[in-house]
Structure formats: structure tokens, C-alpha cells
Amino acid sequence: MGNIAFAGMLASITAMVAAGLLVRLNSFPGLHGDEAWVGLRALEQQARGMFTLRGMNGYTGSLFPEIVSLVFSIIPASVGSLRLASAILNGLALGLTALAFWKRGAAALYFALAMGSSLLFLFYSRVAWEVNALQNLLLALVLLTLPHLLERGRSPHRWLFLLLLAFSLGCWSHAIFIAAALSFAAATLLVALTWPGESSAKLLLIGQLNLLVQIVLCGRHFFGDGAFVTRALPAMLAGLGLIALATRAYVRVEGHLLPHTIRALTNRRVARVASIVIVGFVVLSLAASPIGDVSFFGTVSGMILLERVVSYLPSPIEMIALHLRMVLLLALFAAAALRSLRSKPSEPEQLMLPLFCLWTIAYFPALRLSIASVADRYYIIPQFLFFVSIALAIDGFRANWKMLAIALLLAGFVHAQVTMVREAFRDEDRPPFELFDYAGYTDTSRHFMRLDSLTNELKSRAACRVESSSFFIAQPMRFLMAVGQPCTGNAEVRVEYCAACLAPVRGFELQLRK
């Protein structure tokens with residue numbers, strides 16, 4: 001009965017969060033310029049086929065636009081269908097994580113509550129960016145594979161292939177996933193140094209193999225554009241072949257490599273420096289990018305999302321509560337990390353907690369090596385790892401810590417769900433922040449302004465051509481006109497952001513040209 005009740009509660013919360021991602025998908029938040037860019041590329045790939053592996057810039061790929069183009073082939077192109085894949089894939093990520101955690105006590109429930117308390121997850125799962133759509137799902141696949149790869153006496157063939165494939169799809173989709181591969185390799189090394197043994201040696205070998213495969217697959221950048229059959233298809237088949245070859249090679253040599261790896265890890269000189277290495281690595285990781293650390297804090301707490309996406313500055317009480325909750329979550333994470341580092345895992349599955357704690361910490365210096373800029377969406381990966389670490393740790397806490405953790409997750413869940421409903425059903429935007437600053441992280445909320453009033457005004461003027469100096473106005477207008485009713489007018493309108501403008505459209509200046 002207990003198991004049935006738990007399963008029912010988990011299913012209810014997961015379904016509630018996943019269904020919430022679909023509510024008013026076509027209208028909230030306002031269409032972002034980068035989303036429109038993805039939509040226009042998806043329309044192009046729908047017409048031409050996948051003519052390239054590259055995306056719209058040097059650090060993205062054509063995978064997500066191709067997924068969106070498939071959606072467009074089933075559901076007519078619109079803002080809602082543009083965002084549908086991202087919302088569904090993130091809902092699937094919750095389900096896959098629950099499956100991966102099924103034998104880990106109540107970890108699946110804690111993770112679902114944590115993700116349901118995150119405005120980064122709730123707001124950005126609705127936004128059609130490749131980083132939003134795929135990263136949680138691919139990390140869930142990695143999480144699903146790891147316990148199987150650590151099992152003794154079983155062939156890791158299919159699970160290793162799935163792990164390598166998940167990382168490869170992530171790195172193809174966006175360069176930010178390279179940070180995930182690099183930090184995973186670093187975390188497996190630290191785990192192996194701290195707890196030398198067969199399972200940790202496996203993790204080490206798999207982590208380094210994965211990093212090597214991702215480096216080799218960077219060769220996709222050299223494939224030129226052209227017809228799908230002669231360009232993209234051979235490159236994709238070559239990538240799958242490489243992953244299959246690496247999987248087969250590892251399975252064949254694992255038995256030969258493991259004894260040598262374990263012998264090296266248990267060497268006395270290595271054992272002496274292991275604790276120094278791990279402490280030094282953690283300190284250097286946290287000090288590598290102070291702005292990145294603070295931006296992660298502001299993003300996962302919800303403060304940056306509230307300001308950037310919905311132009312909302314919380315009251316002092318709400319602001320204190322959001323920051324206090326994040327401080328307590330970090331305290332839980334620190335307690336989980338310290339507890340795991342002091343433990344002596346006797347079973348392979350007990351390595352999962354220290355692995356994810358160290359992976360979370362290792363991500364931040366890896367991020368700085370992978371990409372120079374700072375953006376809130378770049379913290380989707382460490383948020384997933386952060387919540388997995390907390391979810392795995394809660395059942396092992398003492399009763400008072402456990403109750404505090406559950407209360408914290410529930411309070412955050414209620415706040416985030418109420419906030420989500422309030423903002424999704426808000427009819428008008430608040431005045432946008434032209435620029436806001438969060439301890440060194442600067443951004444604007446103008447790019448998420450809703451465009452309904454603007455598009456209605458342009459239709460009334462029979463304007464079929466829109467010019468703007470801002471990419472974040474021009475691209476959404478191009479997409480909306482491409483997927484809307486055929487335009488028969490010949491008027492041209494120049495549109496610019498205008499904080500002081502109240503009419504005919506608040507926040508925009510319109511100049512009619514003949």
C-alpha cells in the first residue's frame with residue numbers, strides 16, 4: 001500500500017508539472033528573438049531537408065531545428081507548435097529521471113518537487129531554445145545508464161552506447177554540453193582517486209572514453225552544407241559508427257584495463273595525494289568564476305528569471321525568502337557532499353551521490369573553458385546535477401534535516417507553481433526592465449515582451465514589412481509573418497523599443513514608411 005501511495009503521489013506531481021508546461025504555451029512568455037530564429041531555421045529545414053549539421057551560429061547544431069520542423073509537419077507552424085517539442089521533452093525528462101530513481105527510495109519524488117520549484121525549469125522549458133529543450137532529457141538518459149554500467153557481471157554494451165549517444169547529441173545541439181562532458185570526466189577521476197575500486201575504475205575509464213569520443217566528434221564542424229543524402233546523412237552515420245566502435249572496443253578491453261587502472265589508483269603515492277587533490281579541486285572550482293557562482297545562485301533561486309522573463313521585482317519579504325531558500329538548498333548540498341566524501345561506499349550504487357556532487361562542482365570551471373559568456377540558460381545543466389545530488393541525499397539525512405529538506409522543497413514547489421499560474425494567465429506585461437543587474441549579471445527583460453498588441457497594430461495598418469535595428473524585434477516579426485495569414489498590404493513599418501511610448505503600442509515606437 002505504501003508503494004502504491006508513493007507511486008500515485010509521484011505520478012500526480014510529475015503529471016502536474018509536465019502539464020503545466022503546456023498551459024498557454026502560445027502566449028507566455030513573449031516570443032524571444034532566438035526562438036524565432038530557431039523557428040525560421042526549422043521552416044527552412046522543413047522546405048529543404050536537413051542540409052547541414054551546423055545551427056544558426058558556430059556553437060549550435062541543426063538537431064533541435066530539425067525536431068521543430070518535424071513538429072511543424074504534424075501541427076501547423078505557430079508560436080505554440082514552435083515551443084511544443086521543448087515542453088514535451090522536458091516532461092519526458094521528469095519521467096525518465098523518475099524511472100532512473102525508482103529503486104532509490106523517495107529520490108524520484110524529491111527530484112520532481114525540486115524541478116517543480118524551479119522557475120528556470122518552469123519558465124524556460126516553454127522557450128524554444130536547444131539548451132532548454134534537450135539538456136534535461138539527455139542528462140536524464142545519462143542518469144538512467146550509470147547504475148547499469150556499474151553493475152558487476154553484466155555487459156555494459158547497450159548502456160554505454162546510450163551514454164555516449166546522449167553526450168554526443170548534447171554536444172551537437174549546443175557547445176555548452178561540452179562542459180558537461182569535461183566536468184563528468186573530471187568528476188569520475190576524483191571519485192576514482194578517492195574510492196579506488198572496480199566500480200570507480202569503470203567510471204573513470206567511461207568518463208575519459210566519453211570525453212575522447214566528444215573531442216573526435218568535433219570533426220562535424222568540418223562537414224559542409226549540401227543535400228541531406230550527400231552531407232548530413234553520411235556525417236550522422238559516421239558519428240553513430242564511431243560511437244558503436246568506441247562502445248565495442250571498450251567492452252572488449254575493459255577486462256584488460258581494469259586491473260591496471262585499479263593498481264594505479266591504489267598506489268601508495270596516489271593515495272597520499274588523493275585528498276589534497278580533491279580539496280584543492282573543489283576550492284579552485286568555486287573560485288574559478290565568482291560571477292558565474294553568483295549567477296547560478298540568482299538563477300536557481302528564481303530572482304533572475306523573475307526579472308528577465310516577467311519583469312517582476314519581488315517585494316523585500318519575497319526576495320528574502322527566495323534567497324534564504326537558496327542558501328538552505330546550498331547547505332543541504334554541502335551537507336550531502338561532505339557526508340558522501342567521508343563515506344566508504346561498499347556498493348557500486350553508493351558512488352552515485354559523490355559522483356553527482358563532484359560533477360556539479362566541476363561544471364563551473366568547465367563552463368569557463370567551454371564558453372566565455374554568462375547566461376542564465378547555461379545553468380540548466382548544473383541545476384539538474386544539483387537537484388539530483390540533493391534528491392539522492394535526503395533519505396540518508398537525520399530526521400530533523402530530512403524534514404527540513406522536504407519542507408523546503410514543498411515550500412518552493414508551492415511558490416513556483418503559484419507564480420507560474422499567475423504569470424501565464426496575466427493578460428498584460430509589466431513595464432520591462434531595460435537593464436537590470438544581479439551582482440554582476442546584467443540583462444534586459446525587453447526581449448520577452450509579448451507581441452500580440454504589436455502584431456494586431458501592424459495588421460490594422462496592412463504592414464507586411466517590418467524593419468528594426470533590433471534582432472529581438474526583427475526576428476519575431478519575420479517568424480510571425482511567415483506563419484500567419486498571408487499579408488496583402490504594401491506598407492512598411494520601422495519598429496524600435498521605446499520605454500516612454502504608450503500608444504499605439506506600449507513599449508514600441510512605430511514609424512510608417514511608404
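**Close-ups of a predicted model**

**View 1. Ser311 in its loop.** Ser311 sits in the loop that runs between helix 14 (303-310) and helix 15 (316-342). Keep in mind that this is a predicted model. What is the phi of Ser311? Its value is positive, about 55°, even though Ser311 is not a glycine. As background, most residues other than glycine have a negative phi. Is Ser311 buried or exposed? Its relative accessibility is 9%, so Ser311 counts as buried.

**View 2. Arg24, another positive phi.** Here we are in the loop between helix 1 and helix 2, where Arg24 is found. Arg24 is a residue other than glycine, and its phi is positive, near 50°. Arg24 has a relative accessibility of 29%, so it counts as partly exposed; Ser311, at 9%, counts as buried.

**View 3. The cis bond between Phe28 and Pro29.** Pro29 is in the loop between helix 1 (2-20) and helix 2 (33-48), and Arg24 is found in the loop between these helices too. The peptide bond joining Phe28 and Pro29 is cis, with omega about -10°. For comparison, most peptide bonds are trans.

**View 4. The cis bond between Ala503 and Pro504.** Which residues does this cis peptide bond join? They are Ala503 and Pro504, and omega is about 0°. To find the spot, go to the loop between strand 4 (491-497) and strand 5 (508-513), where Pro504 lies.

**View 5. The disulfide of Cys498 and Cys501.** How many disulfides does the model have? The count comes to 1. Cys498 and Cys501 make this link, with 2.0 Å between their sulfur atoms. The S-S bond has an angle of 75° about it, and the link is right-handed. Both partners, Cys498 and Cys501, are buried.

**View 6. Cys171 and Cys218, a pair left unbonded.** Why is Cys171 not bonded to Cys218? The closest cysteine sulfur to that of Cys171 is the one in Cys218, but it is 7.1 Å away, so it is too far for a bond; the cut-off for a disulfide is 2.5 Å. Looking from the other side, Cys218 is in no disulfide either, and its nearest cysteine sulfur is that of Cys171, 7.1 Å off. The two cysteines also have their own accessibility values. Cys171 is buried, with a relative accessible area of 4%, whereas Cys218 is partly exposed, at 28%.

**View 7. Arg461 and Glu457.** A salt bridge connects Arg461 with Glu457, and their closest N and O atoms are 2.9 Å apart. As a general point, side chains of opposite charge can pair when their charged atoms come close. Which side of the pair is buried? Glu457 is, with a relative accessible area of 18%; the cut-off for buried is under 20%. Arg461 is partly exposed, with a relative accessible area of 26%.

**View 8. A salt-bridge network around Glu423.** Which residues are joined by shared salt-bridge partners? Arg422, Glu423, Arg426 and Arg430 form one network this way. Glu423 meets Arg422 side chain to side chain, at 2.8 Å from N to O. Glu423 also has a salt bridge with Arg430, where the closest N and O atoms are again 2.8 Å apart. Glu423 is buried, with a relative accessible area of 1%, and Arg430 is buried as well. Arg422, by contrast, is partly exposed, at 31%. Across the whole structure there are 14 salt bridges.

**View 9. The largest cavity.** A probe the size of a water molecule, rolled over the atoms, shows where empty space is left. How many cavities of 30 Å³ or more does this turn up here? There are 6. The largest cavity has a volume of about 110 Å³. It is lined by 14 residues, and the ones closest to its centre are Val309, Val310, Asp429, Arg430 and Phe448. Arg430 is the salt-bridge partner of Glu423 from the view before. What kinds of residue make up the lining? By class, 6 are nonpolar, 3 are polar and 5 are charged.

Key. Residues are numbered from 1 along each chain as its sequence is written. This is a predicted model: local features need pLDDT of at least 70, side-chain atom pairs count only at pLDDT 80 or more; totals for chains, interfaces and linings use all residues. Side-chain values use heavy atoms; hydrogens and water are left out. A salt bridge is a side-chain nitrogen of Lys or Arg within 4 Å of a carboxyl oxygen of Asp or Glu. Buried means under 20% relative accessible area, exposed over 50%, partly exposed in between (1.4 Å probe, protein chains only). On a 1 Å grid over the protein atoms alone, a cavity is a set of points where a 1.4 Å probe fits but cannot get out, and a pocket is an open set with protein on both sides within 12 Å along at least five of seven lines; lining residues have an atom within 4 Å of a point. Grid points are joined across faces, edges and corners, and a volume is the space filled by probe spheres set on the points. Ala, Val, Leu, Ile, Met, Phe, Trp, Tyr, Cys and Pro count as nonpolar, Asp, Glu, Lys and Arg as charged, and the others, Gly among them, as polar. Helices (H or I, at least four residues) and strands (E, at least two) are DSSP runs, numbered from the N terminus.
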